[in-house]
Amino acid sequence: MAAELLRESFNIQGRNFDKAGEVSSGIKVILRDLLIDAANTRRTVIVAYEGEMNVVMYADRGTLTLILTDKDISLEIDDEGPGIPDIEMALQEGYSTASDEMRELGFGFGMGLPNMKKNSDEFRIESEVGKGTRVFARIKLDANG
Amino acid sequence: MRACPTHAIRVKNGKAHLISELCIDCGSCLGVCQLGAISATTIKFAELNRYKFKVAVASPALLTQFGLRDTPADVGRALLELGFDAVWDYAVDIALVDRAITDFVKKWPGPFPLISNSCPVVVRLIQVAYPSMVDHVIPLEAPREIAARELKRRYSREMGLNPEEIAAIYITPCQAKAISILQPAEEAKSNLDGAVAISEIYNDLLTKMRKTVRPGDAPKDLVTAGELLHWGAPEGEIPALSREHYLPLTGLTDIMKVFNDIEKGRIRNIEFLECDACQGGCIGGNLTVENLYVARSKNLHLMASMPKPGPEFEKEVDRRYALEDFSLRGSLKPRQTEGEAIDLRERVMRRKRAEEVLRTLPLLNCGLCGAPKCKNHAEDVAASRADLLDCVFLSPDRIKALGKHYKK
């Protein structure tokens, strides 16, 4: 395994739509300052944003950890929330358990998890109902040249 | 220094220095610097005399700069009297590019939204601060470039001149377009030969307009082209695109907010973003004279009072649309920065060093070190571009040195 160059964690506040997106904005600035290439930055930011939004929409609180090595960028998103009963179902495009309220805010089209999966090279979800969810995504740095 | 949206300015020994790879030519510094440390890169009118035949391509913003009773035709006449050999009717080119954009958007498979490129500041902002979005920038030429190409073609044929003897001169509302002629972002050569600031010729034009006998009586032989100026929609307004999927944005702050959302994949329903860095669009450019709101009122007045373009106009647009290619020559790439010479490991080290330095700084962003924010100073120190002790909180001597410099 490649040596870790950087590891930073950020707290995400559940149900705070006002601040939603700030963590992924922070990630973007870090990657941009480190001159990570544009395509990988874009993929990472999309994964981070969707992950952050899932925590904001469903969980009480969570953390997002950014880990950078020579070879890849990893994101770990951990939350204390309701958990996902059927992960396979949740990964289908268009499947959503969002409330009408959330949809009115423009979220909950059932594209969050599928989008995260699509934009990462490795993607795992572990979840325990009533406890929380842990998402792991890896973006390879050489995948896009 | 603080006005700069990309933090590209440092003040060292009392002088402003530019980190040129970060500069996006927006001109924000130009408007706030009282001391004249910064000036616009336009050409003086007198420099144009080396060309045999000079054609003015006037930004529609020029037409909004004068009184309500001054017509576009008056402005055209005044330009001719000022010494231009012809005034180009720019409205056709604007209509052509509008059509090209509309068609392009319809055929584009993605990524969305496409972003307009007629404002050079927006293009450079993307190259510098949003490199992941360069493929959102619409790869079409701006109307001013299309105009310059066509006018050279036409006058070299009609007047029997070499294209090199003809100068296409843009009458510009901002310095950014002047710079885009000298150094196009897509690294092709501009069809235009230079730009003259609206503010530079404003007084002369006004004098000529006031002296000229009112419409109708102008000596006909002065008018060699364009039948004086036709009113085009302000640059880049695309009436044919569906309102629902098309957003016009003005002002750098607002543009950056929307770009941040695009990077997160949050903008989903928009196909085309028309972005102008100046608040209020080109009529608010920093080389204009009239205040934005008066100019806007004049703009609305012009739009309401101009007759609809006749069948000839439409015919000309159809004719040229079938013949011409509007795609951008050259391609747009993210701008290289100096950090790319070092590897990722070293960049991470620099970042960590910058964070450590930042913890020792007061976070007041006083600017006395010469950087706009403590964060920028920390980055400069980590990259060995600045001395940590330039911070007055860490080095009281620095205050004395600054005092000597400024208290004269």
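Biologist: Which helices of chain B have axes that come within 8 Å, and at what angle do they cross?
Modeller: In this predicted model, the axes of helix α12 (residues 344–360) of chain B and helix α13 (residues 374–382) of chain B come within 8 Å, and they cross at roughly 130°. That angle makes α12(B) oblique to α13(B), and α12(B) passes α13(B) in a right-handed crossing.

Biologist: Which residues make that contact?
Modeller: From α12(B) the contact is made by R350(B), R353(B), A354(B), V357(B) and L358(B), while α13(B) brings C374(B), K375(B), A378(B), E379(B), V381(B) and A382(B). By character, the residues of the contact of α12(B) with α13(B) divide into seven nonpolar, no polar and four charged.

Biologist: Over to chain A. How do α1 and α2 pack there?
Modeller: Helix α1 (residues 22–33) of chain A packs with helix α2 (residues 38–58) of chain A at an angle of about 160°, and their axes are 8 Å apart. Angles over 145 degrees count as roughly antiparallel, and α1(A) and α2(A) are therefore roughly antiparallel to each other. The crossing in which α1(A) passes α2(A) is right-handed.

Biologist: And which residues of α1(A) and α2(A) meet?
Modeller: On the α1(A) side there are V23(A), S24(A), I27(A), K28(A), L31(A) and R32(A), and they meet T41(A), T44(A), V45(A), A48(A), Y49(A) and E52(A) in α2(A). The residues of this contact divide into six nonpolar, three polar and three charged.

Biologist: What about the contact of chain A with chain B, how many residues does each chain put in?
Modeller: The contact takes 18 residues from chain A and 15 residues from chain B. On the chain A side, the elements that give two or more residues are β1 (4–13), α1 and α2 of chain A, and the largest share, seven residues, comes from α2(A). That side of chain A divides into 10 nonpolar, four polar and four charged residues.

Biologist: Stepping back, how many helices and strands are in chain A, and in what order do the elements run?
Modeller: Chain A has five helices and five strands, and from the N terminus on its elements run β-α-α-β-β-α-α-α-β-β. The radius of gyration of chain A is 15 Å, close to the 15 Å that the globule rule gives for 145 residues, so chain A is as compact as a globular protein of that length. Taken along the principal axes, the C-alpha atoms of chain A fill a box of roughly 40 × 30 × 25 Å.

Biologist: Same question for chain B: how many helices and strands?
Modeller: Chain B contains 14 helices and nine strands. Its radius of gyration is 24 Å, close to the 22 Å that the globule rule gives for 408 residues, so chain B is as compact as a globular protein of that length. The C-alpha trace of chain B spans about 70 × 55 × 40 Å along its principal axes.

Biologist: What sheet do β4, β3, β6 and β7 of chain B form, open or closed?
Modeller: These four strands form an open sheet in the order β4-β3-β6-β7 (chain B), with parallel pairing. The edge strands, each pairing on one side only, are β4 (86–87) and β7 (194–197) of chain B. Strand β6 (residues 166–172) of chain B pairs with β7(B) over four bridges, and the bridge partner of I171(B) is V196(B) in β7(B).

Biologist: And β1 and β2 of chain B, do they run parallel or antiparallel?
Modeller: Strand β1 (residues 9–12) of chain B and strand β2 (residues 15–18) of chain B run antiparallel, joined by four bridges, and K12(B) stands opposite K15(B) in β2(B). The two strands form a hairpin with two residues between them, and N13(B) in the turn has a positive phi of about 50°.

Technical notes: Residues numbered from 1 in each chain as written. Chains lettered and ligands numbered in written order. Predicted model: local features only at pLDDT ≥ 70, side-chain atom pairs only at ≥ 80, totals over all residues. Axes fitted to C-alpha atoms, helices over the stretch in contact; angles between N-to-C directions. Parallel < 35°, antiparallel > 145°, perpendicular 65-115°, else oblique. Left-handed = near helix turned anticlockwise from the far one by under 90°. Contact = placed C-beta atoms within 7 Å. Nonpolar A, V, L, I, M, F, W, Y, C, P; charged D, E, K, R; others polar. Pairing = 2+ DSSP bridges. Rg over C-alpha atoms; globule rule 2.2 N^0.38 Å.
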